[in-house]
Amino acid sequence: MKFSSVFITIIIIGLASVNTIAQEAQRPGIESFTVGETWEWKEKLVVDAEPNRALMESFETRTVVLDAGEKKFVKKFAGGSKTSAIDQTDSKVNEKVFRKWPLKVGAKWEYEESWTSDDGTTGYTRQDVEVVAFEKITVPSGTYSAFKIVHRGTFKNARGSSAMNDVYWYSPEVKADVKHINESGGQTYTSVLVKYTNFSSGQ
């Protein structure tokens, strides 16, 4: 069977368009989250000089709850828990946010933040961010198509300052990072999604 070059070109353009759409993700709206939807990550921290000895191993969970008629996240971690609103604030063009939507391969931005960690430590982070790939990644909870987002920069807190590099794999399917690697101060922190529950989708 013979096909015209025009027909073949249309097919190629169509496939390219589908691929482009698949590789762009908007920030999930509140309506996309289901009460009871839960994510569980396993965290591990090691000293680079002794990678087989863990300084910390723990689990962190995040669950969607209904609080006074509003959907919120309840985060449980080693040492406590915290309830927070589901962020829907639109970032401005020049705002130096942690994650800039929509996500698409090749997107770049700057990230700056003064922060307080779950253990009460305060600090400041500045990083250059780039979405470098849309790829398959396998973690304990399954295999996902995810955006690979690379952060390169520095941080400082009361104990000093250091280079800090992060890599996140964000999956639109589960609306969350399925893997995160942080390298700073001679230590490596890894977080992987080990369980995802969404009764409305049967997962």
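Is W101 buried, partly exposed or exposed? In this predicted model, W101 is partly exposed, with a relative accessible area of 23%, a value that falls outside the buried class because that class requires under 20%.

## Overall composition

The secondary structure of the chain amounts to 1 helix and 12 strands, and along the sequence the helix precedes the strands in the pattern α-β-β-β-β-β-β-β-β-β-β-β-β. Of the 203 residues in the chain, 33% are buried, while the exposed surface comes to about 12200 Å², with carbon and sulfur atoms supplying 54% of it. Among contacts with a separation of 6 or more, 45% are between residues 24 or more positions apart.

## The sheet

An open, antiparallel sheet is built from 10 strands, which follow one another in the order β5-β4-β3-β2-β12-β11-β10-β9-β8-β7. Its edges are taken by β5 (80-85) and β7 (108-116), and since each has a single partner strand, one side of each is left without a neighbour in the sheet. From one strand to the next, the twist averages 25 degrees.

At the β5 edge, strand β4 (residues 70-77) pairs with β5 in the antiparallel sense over 6 bridges, and the bridge partner of K76 in β5 is S81.

## Hairpins around β11

Strand β11 (residues 176-184) runs antiparallel to strand β10 (residues 160-171), and 8 bridges join the two; in this pairing, S171 has A176 of β11 as its bridge partner. The hairpin of β10 and β11 has 4 residues between the strands, and K175 takes a positive phi near 60 degrees there.

On pairing with strand β12 (residues 187-197), β11 again adopts the antiparallel sense, in this case over 6 bridges, with S191 in β12 as the bridge partner of H180. Here 2 residues lie between the strands of the hairpin, and G185 in the turn has a positive phi of about 55 degrees.

## The surroundings of Q127

Q127 belongs to strand β8 (residues 122-139) and is buried, with a relative accessible area of 1%. The side chain of Q127 is joined to that of D166 by a polar contact of 2.8 Å. Leaving aside neighbours within four places in sequence, the residues in contact with Q127 include W109, E110, Y111, H151, R152, M164 and N165, as well as D166 itself.

## Aromatic pairs

The structure holds 8 aromatic pairs. One of them joins W101 and Y170 in an edge-to-face arrangement, at 5.3 Å centre to centre and with 75 degrees between the planes. Because W101 lies in the loop between β5 and β6 (103-104) whereas Y170 lies in strand β10, the pair ties together parts that are 69 residues apart in sequence. The two partners fall into separate accessibility classes, since W101 is partly exposed at 23% and Y170 counts as buried at 4% relative accessibility.

F134 and F147 form a tilted pair, with 4.6 Å centre to centre and 55 degrees between the planes. This pair links F134 in strand β8 with F147 in strand β9 (residues 142-157), 13 residues apart. At 25% relative accessibility F134 counts as partly exposed, whereas F147, at 0%, counts as buried. In addition, one aromatic cluster is formed by F33, W39, F73 and Y196.

Conventions:
Residues numbered from 1 in each chain as written. Predicted model: local features only at pLDDT ≥ 70, side-chain atom pairs only at ≥ 80, totals over all residues. Heavy atoms only, no water. Pairing = 2+ DSSP bridges. Axes fitted to C-alpha atoms, helices over the stretch in contact; angles between N-to-C directions. Buried < 20%, exposed > 50% of the residue type's maximum accessible area, 1.4 Å probe, protein only. Contact = heavy atoms within 4.5 Å. Areas by Shrake-Rupley, 256 points an atom, 1.4 Å probe, with all protein chains shown as cover. Polar contact = N/O pair within 3.5 Å; in protein donor to acceptor, adjacent residues only side chain to side chain. Phe/Tyr/Trp six-rings, centres within 6.5 Å; stacked < 30°, edge-to-face > 60°.
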